Amino acid sequence: MNNPHPTQQQAVVIGGGIVGVCCALYLQRDGHRVTLIDPAAPGDSTAKWSCGQMAVSEVIPLSKPGILMKIPGWLLDQKGPLALRPSALPGILPWFMRFLACARPAKIHEIAQDMARLTQHVYDDYAPLLDACPDKTLLGQRPILEVFDSPAGLAHERPHLELRKQLGFRSEELDGAAIGDLEPALAGKFHHGLLFPDWRAVSDTEGFIAALTESFVAQGGKRIRQRVLKIEENHDKASGVTLADGARVPADLLVVAAGTGARPFFDTLGVNIPLAGIAGYQAVLPQPGVEIRHSVIYADGGFCFAPMTRGLQIGGTIEFAGPNAQPNFRRAEIILEKARRVLPQLRTEGMEFGVGYRPFLPDTKPVIDRSPRLQNTLMAFGHGQLGLTLGATTGRLISDLAGGRRPAQDLSPFSARRFALIGGHA
Ligand SMILES: Cc1cc2nc3c(=O)[nH]c(=O)nc-3n(C[C@H](O)[C@H](O)[C@H](O)COP(=O)(O)OP(=O)(O)OC[C@H]3O[C@@H](n4cnc5c(N)ncnc54)[C@H](O)[C@@H]3O)c2cc1C
């Protein structure tokens, strides 16, 4: 890996979602010959169904105290923003126990600090990748709003806002008039809100990844539409991968960036990581009949309105469904019903539903690390609710590891070994 001539290395990246394509682009910038492998079309990955936010201050883990207190109520309420399918319970229990262990205030502070060390660099890390794309409008400039039903919702957020402030992220409180000025469609409906001036948004999540992929190919990268079945090894190194069609692609350097699809490779990688796929649903309304100008998180409803190029997208939710469960689009209908209570004039002609499986680790942090078994193999997965935000930063850090450089950020909080003592897949 400490090759002084990285230009001679043939790098293979498994997974062409946002994390994989950013790893591929950064390795390419470092002089590697890169092959990116994914069975899906560019852009047709989890982030297609994301809310599109560069959520740079969303560093407080999901296990924050406010959430934990809400969970029992949500589980009893089938229309709540969090759902647990009974069939998923046995499988998810070990994951959930670790998740609960991350709810201590000291642990929440530690995780928020670790994540902020990454999210503070998001725009700088995306800049060279986006500069190389012909379309200069891929990343929008609008800030994001969060609205609450009552002062209590906002009061719950205050300790988190304070922590975010300590970590260098801004927020502004909004009263009803300010919310109405920014979002006329919501005038008179909400009287308590927040503005996050540091966040930015992608309006075409599929097009964003497709454009980065086109840029990678235009700069000499190769993308193969196939599933990787197997990592081949020679002594303590990966020597290549075998594809579903039987072809073999040789590799001097391998990056596994396959989201939840990384799980089948864990034995070969020598890791035992509790990686869960947590479903989130979206309803896309091509002609919603109402103008929403910013992304608006409706905290008490557990969903986000996001104005996208394909229409108004309404989505979110957290569903623990188990690894092989079929999507339950009733979740998207529930979101839509709730959205209609806020905006009764919403029109649903031509509506489309979508689902994405966030690759989630119980401490909400990704794995950005070397394989403990295969010297020339790197791992970049588990970005949970922040994969779109952290794609480019992960790519830069992976290229540092690949080039034998000490990354500017300490990567020990993102080590796969943090799960080593506990063991067991989620
Ligand atoms: C409802 C929802 C809202 C979200 N909102 C946001 C948001 O606002 N901001 C944000 O930052 N994040 C958000 N996210 C999270 C974000 O979408 C994910 O963190 C991110 O997409 C993960 O990217 P990834 O590249 O690691 O994985 P993926 O996007 O899942 O990509 C993995 C790729 O690997 C490929 N693959 C799998 N197995 C193999 C194999 N064997 N061989 C080859 N290829 C393989 C897959 O086909 C896939 O294309 C949201 C997610 C959801 C579901």
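This briefing walks through some of the strands and helices in the structure above. Keep in mind that the model is predicted. One open sheet here has six strands, ordered 9-2-1-13-20-19, and its pairing is mixed. As background, the strands of a sheet pair through backbone hydrogen bonds, in either a parallel or an antiparallel way.

**The six-stranded sheet**
- Strand 9 (222-224) and strand 19 (367-370) form the edges; each has a single partner strand, so one side of each is left without a neighbour in the sheet.
- From one strand to the next, the twist averages 15°.
- Strand 2 (residues 33-37) pairs with strand 9 in the parallel sense, over three bridges.
- To see this pairing for yourself, find I37, whose bridge partner in strand 9 is I224.

**Helices on the sheet**
- Helix 1 (residues 18-29) packs on the sheet and touches strand 1 (10-14), strand 2, strand 13 (253-256) and strand 20 (377-381).
- The direction of helix 1 makes about 170° with that of strand 2.
- Helix 11 (residues 387-402) lies across strands 13, 19 and 20, and runs at about 165° to strand 20.

**Two hairpins to look for**
- Strand 10 (residues 228-234) and strand 11 (residues 237-243) run antiparallel, joined by six bridges.
- V228 has L243 of strand 11 as its bridge partner.
- Two residues lie between the strands of this hairpin, where H235 takes a positive phi near 55°.
- Strand 11 also pairs with strand 12 (residues 248-250), in the antiparallel sense over three bridges, and T242 stands opposite R248 in strand 12.
- This hairpin has four residues between its strands, and G246 takes a positive phi near 90°.

Definitions and conventions:
Residues are numbered from 1 along each chain as its sequence is written. This is a predicted model: local features need pLDDT of at least 70, side-chain atom pairs count only at pLDDT 80 or more; totals for chains, interfaces and linings use all residues. Two strands pair if DSSP finds at least two bridges between them. Axes are lines fitted to C-alpha atoms, for helices over the stretch in contact, and angles run from 0 to 180 degrees between N-to-C directions. Two residues are in contact if their C-beta atoms, placed from the backbone, lie within 7 Å.
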